[in-house]
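Student: I should like a close look at the largest pocket, with an account of how its lining is made up. Please then continue with the second largest pocket, the salt bridges and the helix.

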Amino acid sequence: MLAGISTLGITFGYGVETTAGEKPTSFKKLNRINSIGGITIENEQIDASALEDFVSRYVRGRADTGGSFPVGVNFTPETNAEWKDVISAYAALEGTENRMWFETIIPGFDEAFFVIAQPPTAIPQPEIGQNELLTVEMTLTIEEYLGMEEKVAFTA
């Protein structure tokens, strides 16, 4: 049994549906990803108490992903161009039922994490401090969290 897995070599990218509702067969790798925010699944609690209960009782309700997750990117002219392409590819979906998927590949796993999400509408301004790495945070709006499925290798 492995003691744990390093985050070294994890990759992140996106794909666009060509048929609405079907996982894309091609995903583009996004470069210089610095961090990927987690997606939690928290179920709402529905009060199932009755008059006879002295302590509240609950049943599990709808799950909530929190609605968005951040992707930290080392901000360079190249990554700026890549994310402009992401934003343009998403804008080109307007008027269709096709959606944009994001994939996180972790080395050693046969499956990858998938989420259908919307990128920001523009490149956000990064926080800038003295003697720091210039990064920008792209906040993706979650349409549907799919979890782990068979991975799709990234194209160049």
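Tutor: Two strands, β7 (100-105) and β8 (111-118), each contribute at least two residues to the lining of the largest pocket; helices (H or I, at least four residues) and strands (E, at least two) are DSSP runs, numbered from the N terminus. The model is a predicted one, in which local features need pLDDT of at least 70 and side-chain atom pairs count only at pLDDT 80 or more, whereas totals for chains, interfaces and linings use all residues. Residues are numbered from 1 along each chain as its sequence is written, and side-chain values use heavy atoms, with hydrogens and water left out.

Of the strands, β8 gives the most to this lining, with three residues. The volume of the largest pocket (an open set of 1 Å grid points where a 1.4 Å probe fits, with protein on both sides within 12 Å along at least five of seven lines) is about 230 Å³, taken as the space filled by probe spheres set on the points. Its lining (residues with an atom within 4 Å of a point) comprises 14 residues, and those closest to the centre are Ile36, Gly37, Ile39, Thr104 and Phe113. By class, eleven of the lining residues are nonpolar, three are polar and none is charged; Ala, Val, Leu, Ile, Met, Phe, Trp, Tyr, Cys and Pro count as nonpolar, Asp, Glu, Lys and Arg as charged, and the others, including Gly, as polar.

The second largest pocket has a volume of about 170 Å³. Its lining is formed by Thr7, Leu8, Gly9, Ile10, Thr11, Phe12, Ile33, Asn34, Ser35 and Ile36. Here β1 and β3 (33-36) each supply at least two residues, and β3 gives the most, with four. The class division of this lining is five nonpolar, five polar and no charged residues.

The charged side chains can be followed in the salt bridges. A salt bridge (a side-chain nitrogen of Lys or Arg within 4 Å of a carboxyl oxygen of Asp or Glu) is found three times by this rule. Glu17 pairs with Arg99, with 3.6 Å between the closest N and O atoms. Because Glu17 lies in the loop between β1 (11-16) and β2 (27-30) and Arg99 in the loop between α1 (77-91) and β7, this pair ties together parts that are 82 residues apart in sequence. Glu17 is buried (under 20% relative accessible area; exposed is over 50%, partly exposed in between, with a 1.4 Å probe and protein chains only), at 2%.

Arg99 also meets Glu144 in a salt bridge, at 3.0 Å from N to O. Glu144 belongs to strand β9 (135-150), so its pairing with Arg99 joins parts 45 residues apart in sequence. Glu144 is partly exposed, at 33% relative accessibility. Glu17, Arg99 and Glu144 are thus linked in a network of salt bridges.

In another salt bridge, Lys23 is paired with Glu149, and the closest N and O atoms are 3.2 Å apart. Lys23 lies in the loop between β1 and β2 and Glu149 in β9, so parts 126 residues apart in sequence are tied together. Lys23 is partly exposed at 25% relative accessibility, and Glu149 is partly exposed with a relative accessible area of 25%.

Finally, helix α1 has the buried residues Thr79, Asn80, Glu82, Trp83, Val86 and Ile87. The exposed residues Pro77 and Glu78 are carried on the face of α1 turned away from its buried side.
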